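Biologist: Can you pull up the model? I'd like to talk through a sheet and some charged pairs.

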Amino acid sequence: MRRIPSHLFALVALLALTGCKSDGSDSSSGSAPAPTPAAAVCADGVDNDSDGLVDFPDDPGCSSAADTNEVDPTQCNDGIDNDEDGFIDLFDKGCSISTDNDETDPVVIPACSDGLDNDKDGLIDFPADPGCTATGDNSEADPLMTRYDMANACWVMRANGNGKFVTFDGSSYNASVADRNSAERFYMKPTALGKYMFYNSNRQLMTAGSDAALSNVISANATDNSEWHIRAVGDKVNYPQTPVYNREPTVEEITAWRNFDNNPVQADAFNVTAQSVNRSLAIDDNGKLITEIFDSSVKNESFSFIEMPIESCANFPEAESNFTGTPFKGTQPDGTVLGHADVHVHISSSEFLGGGQWGYAFHKFGIEHALGNCAAQHGSSGHLDLIGGAFTQDFDGHATDGWPTFTDWPKRDNLTHEAIYWKWIERAWAGGLRVIVNDLVDNETLCELQRNAVNDPTRDCNSMNNAGRQAGTMYAMEDYIDSQYGGPGKGFFQIVHSPAEAREVIKDGKIAVVLGIEISNLFDCKLNYKPGRQKQPFEEPENGSGLASDASFPAENTYECTTEEGLPNSILTQMERIHGWGVRQIISIHEFDNAFGGNGIFDGLILNLGNRENTGGIPSGDVGSILDLFSGTPDEDSFQNLVTNLPTTETATGEWWTTYNCPIEGEGGTANFSGYLWSGSGGSTQSYLQQPACVPTGQGGRSGGSTPCYPSASQCNARWMTPAGLYTYGKMMEMGFIFDWDHMEVGMKTQALELAEAQDPVYPFVSTHGTFGGTTNDQATRALINGGLLYPSNGSSEGFRNDMNETLGIYDAAMAERGGAPLLFGFGYGTDTNGLSAQSGPRRQALIDARPVSYPFTFYAGAPFNSLSAFSAATPVIFNQPTSTDGSGDFVRGWEEDKDGNAHYGMLADFVQEVVLDGTPDQVKHLFNSAEAYLQTWERTEASSAGIKANKLQMPPADKPILRPAPNGDMTVSDQTYK
C-alpha cells in the first residue's frame with residue numbers, strides 16, 4: 001500500500017468531527033448506528049506484514065500510529081527517483097503498476113535487432129533492412145537521399161515493387177533476393193547532374209534498348225542508351241536543360257541553368273529512365289528487370305539505393321589526379337583571395353581546327369571516350385595530322401594510342417592532342433589555381449584545311465559559330481564536374497560572369513572560370529582585300545561596304561560585318577551575342593588581319609600564308625610558285641597537300657601581310673625607342689623573297705601585298721587601327737569587356753592606349769600570354785599605371801621568374817609615376833594550352849641537379865609557405881608523381897617534371913613546385929597574388945565602363961587623332977608613336 005500523507009489523515013479527522021459523510025451528506029440523518037472503528041494496525045503490537053518490524057514508527061509501512069496498513073512502500077510508490085533518471089514512480093518507464101518495487105528502466109532492444117519489421121517495408125533488422133547500418137540502430141527507416149548523392153559510389157538497388165534486391169547472372173538482372181549482401185553492386189558514374197551509368201561487376205554498363213529487354217556493353221562502347229536519368233518519386237521540379245557539348249546555348253538556356261534555385265528533393269525511392277528511348281526501368285511479374293514506355297501520368301516502378309563499400313564495386317576507368325589533402329578555401333584577413341591565375345587557356349578547343357585537334361577535356365562516358373585512340377581523326381599512323389605536322393615540320397605521323405598507354409601524347413610539344421583533361425585540372429586546382437580564363441578559339445582557314453583533308457564537307461568552319469559551340473561545351477563541363485562532386489555548384493570548376501561572383505567562388509575554395517574569346521574573324525569581321533583600293537586602313541569605310549563616303553572609288557576593302565546597328569551582321573549585335581554566352585574578355589585580333597586592324601606578326605610562312613587565304617583566297621595558279629618561297633628544305637609533298645586543300649571557291653584576292661620595318665632597340669636602332677618587354681620583338685622576319693631582287697607590291701609601295709617580298713629586317717604589320725576598329729573598341733569598353741591587347745600590332749597598342757586614357761577612370765588593358773606581336777616597355781609602363789596587368793606565357797619556370805623580376809621593375813616605376821597607394825602586384829601566366837603552343841619544358845640541368853622536383857612534394861607546409869602569412873590557414877596537400885593507370889587501377893606509365901616538363905595540364909602544380917624550389921618567398925607570394933590582381937583589374941574595368949555609360953565614350957583632342965597611318969619603310973618613328 002502506498003503511504004498516505006499525514007495531511008490526508010487530518011482531513012479525515014476533520015470530516016469525522018463535523019459529522020459529514022464523505023459524500024457531503026449530514027451524518028445525523030438516518031437511523032442506522034455508526035459502525036465500530038477498526039483497530040489501527042500500526043498500533044496493535046502485531047507484525048502484520050511479517051517483515052520483522054512492528055507498528056509505528058519501527059515499521060516503514062506505517063506513517064503514523066493511526067495507520068491501518070503496515071505494508072512497506074514500493075519503489076514505484078514511494079515518491080523517490082530511485083534510478084535517478086529524472087522520473088518518479090508511475091511516471092518512470094521502469095514502473096508499470098504501483099506495486100512494482102524496481103524503477104530500473106527495461107532494456108530496449110534496438111529496432112535493427114528486435115526481429116520486427118518496424119518500417120513495414122518487408123525487410124527486418126540489420127543487414128537486410130537498408131535503414132539499418134548496424135544492429136544497434138534504433139530506426140529501420142530507409143535513408144533519404146537526393147538524385148545527386150549516388151555519384152562515384154558503390155550501390156545495391158532494391159525494386160520497391162516486390163521489395164527484393166537486384167542480382168545479376170552475367171546477362172540479365174532480377175529483383176530476387178532479400179539480403180543486400182547477395183545483391184549486384186553497381187558503380188554509379190555520373191554523366192551529368194542527375195544522370196548516371198550503372199557499371200556492373202562484369203565491367204559492363206546496363207543499357208536500354210528499343211524494346212523491354214536490357215543489354216550490357218563495355219564502357220568503351222557506351223551509348224546514350226547507357227545513360228539513366230534518376231528522379232525522386234513525386235519530384236515535380238522543372239529542372240533546366242542540361243547544357244549540351246558543342247552546341248551554342250541560348251541566353252535563356254544559360255540564364256535558366258545558372259539561376260536554377262536548386263533545393264533537391266530527398267526521397268528513398270527513385271524512378272530510373274533511359275531518356276534516349278523514353279523507357280523506364282521496371283520489373284516483370286517474375287522480378288526480372290525490364291524497361292517499359294515511360295508515362296508521367298501513371299505510377300512507374302521505383303527503386304531504392306543502398307550504399308556499399310566502394311571496394312566491393314568494379315573499378316571504373318578514370319584518370320588520376322595524384323594528390324591527397326584538401327585544397328585551401330576562404331579569404332585572407334583583408335578580404336583578398338589567394339591563388340594563382342592562368343589567364344589564357346583553351347579548355348574548350350576539342351573541335352578546334354575542324355577537328356584537327358584530338359581529344360576532349362571531359363566526356364560524359366569517361367576517359368576511354370575522352371582520350372582514346374586518335375586514329376579516327378589522324379589516321380592509323382597519325383599521317384592525317386596535317387596541322388600538327390605543319391607546325392612541327394614533322395610529317396612522319398605518330399603513335400595513335402591514347403589512354404592508358406599514352407605513347408606519344410600528351411606531350412609538352414605535341415600541339416594537336418588534348419592536354420587538358422578535367423582530372424588534370426583538378427590536380428592544378430589542388431596546386432593553388434584559382435582563376436582560369438578560357439578563350440573560345442578557332443581558326444577558320446586551318447579548319448577549312450582539315451575539313452578538306454579528312455573529307456568532311458559539312459563541317460561548319462565559321463569561327464563565331466564554333467566559339468558559340470565551345471561556350472556550350474564549357475557549361476556542359478561545369479555541369480559534368482558538379483555531377484562528379486555530388487550536386488549543382490559543388491564542383492571545383494565554376495563559370496563566373498562578374499568579379500564579385502568570382503570572389504565568392506574562390507572564397508569557397510573553387511576555380512573561378514572566366515570565358516574569353518580569341519578568333520581572327522571576331523564578330524564575323526572577316527576582311528576581303530581589294531587590289532585596286534586607294535584608302536589606307538585608317539581611312540577605310542567604317543561600315544565595311546567597300547564604298548567610300550565620297551564615292552571617289554567604290555572598290556575599297558570590304559568586311560563581312562558592319563557598324564550599322566540593328567542588323568544580324570552588325571558588330572554590336574554580335575558583341576551582344578558573345579556577352580550572352582558569358583564572354584567577359586576579348587582578344588580582338590588574332591592571327592590574321594581583320595576589319596579592326598592588323599595582327600601582331602610573330603611567325604613566318606604558315607600564318608602569313610593563312611593571312612593570304614583568310615583575306616580573300618589564294619589563286620590556284622599560285623600553288624606551284626608558293627613552294628619556291630620556302631627557305632630551307634621542308635617536305636614539299638606535304639606542303640603541296642596543305643596548299644591544295646585550301647578552298648579555291650573564294651575570290652582569289654587575299655594578300656600577304658603588308659609591313660614596315662619594326663622599331664629596334666640598341667645602337668643604330670630606332671631613336672628614342674624604349675625597347676620591348678620580356679626581350680620580345682615587334683614582329684618577325686619574312687625571308688621568302690629578298691629585296692632588291694623582288695619588287696614590293698604592298699599598298700603604298702610597302703613590302704608584302706600580292707607578293708611576299710620583304711627586306712631582311714624584322715617586319716611589323718602596317719595595317720593599323722581602322723574606323724571600324726575604333727568603333728568596336730569603344731563599344732567593348734562601354735559593355736565592360738576585359739580588353740586583352742595580345743596579338744594586336746605593336747603600333748595599334750599605342751592607339752588603343754590613347755582611347756583608354758581618354759576615359760575617366762582610365763580603361764585598363766591586360767596582356768595574358770606574352771603579348772604576341774610585341775609590347776614596348778613604354779606601353780607596359782602605361783598599362784600598369786592604368787591599372788592593367790601583364791602576364792607572360794610560362795615557357796619555363798626560370799624564364800617566368802625572370803619575366804616577373806623585369807615586370808616588377810617596370811611596376812615600381814609605374815607606381816612612382818602613378819602616385820598614391822600602389823596597386824597590388826601579382827604575377828600570373830597564360831599557358832595557352834591547346835592553342836598550338838608548346839608548354840613549359842624541363843629546367844636547365846644545373847637547376848635540376850641542384851634542386852630536383854622529387855615526388856611526393858608538399859604544398860602549404862614548410863618553407864617558403866610557413867614564412868608567408870597568407871598560407872597560415874591552409875592545410876598541407878601532397879602531390880605524387882603524375883601517372884596513368886588502366887581500368888583496373890594498375891600503373892601503366894608516369895610523367896616527371898624534370899624529364900617531361902608540363903606534359904599535361906595537371907603538371908601546373910609541378911611547375912609551381914619549380915618556382916617554390918628555385919624562387920624566393922616573394923616570388924611565390926607574387927604568383928599566389930595573381931588571382932587577386934586579376935580580379936582587381938576586372939573591377940577597375942567595370943568602374944571605367946560605368947563611367948563611359950554615364951558620360952559617353954571620350955576621345956583625345958582633335959589635334960591628336962587616334963587613327964593615323966603606320967610608318968613606311970625605314971622612316972624614323974617619333975617618341976610619341978611607340979609610347
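Modeller: Here is a short run through one sheet, then the salt bridges.

Modeller: This is a predicted model, where local features need pLDDT of at least 70, side-chain atom pairs count only at pLDDT 80 or more, and totals for chains, interfaces and linings use all residues. Residues are numbered from 1 along each chain as its sequence is written, and side-chain values use heavy atoms, with hydrogens and water left out.

Biologist: What is the strand order in the open sheet of 3 strands?

Modeller: E23-E21-E25, with antiparallel pairing. Strands are DSSP runs (E, at least two residues), and helices are runs of H or I, at least four residues, numbered from the N terminus. Two strands pair if DSSP finds at least two bridges between them.

Biologist: Which strands stand at the edges?

Modeller: E23 (703-705) and E25 (715-717). Each has a single partner strand, so one side of each lacks a neighbour in the sheet.

Biologist: What stands opposite Cys-716 in E25?

Modeller: Tyr-660. Strand E21 (residues 656-661) pairs with E25 over 3 bridges.

Biologist: New topic. How many salt bridges in the whole structure?

Modeller: The search finds 28. The cut-off is a Lys or Arg side-chain nitrogen within 4 Å of a carboxyl oxygen of Asp or Glu.

Biologist: Which residue forms one with Arg-964?

Modeller: Glu-754, with the closest N and O atoms 2.9 Å apart. The two are 210 residues apart in the chain.

Biologist: Is Arg-964 buried or exposed?

Modeller: Buried, at 15% relative accessible area. Glu-754 is buried too, at 13%. Buried means under 20%, exposed over 50%, partly exposed in between (1.4 Å probe, protein chains only).
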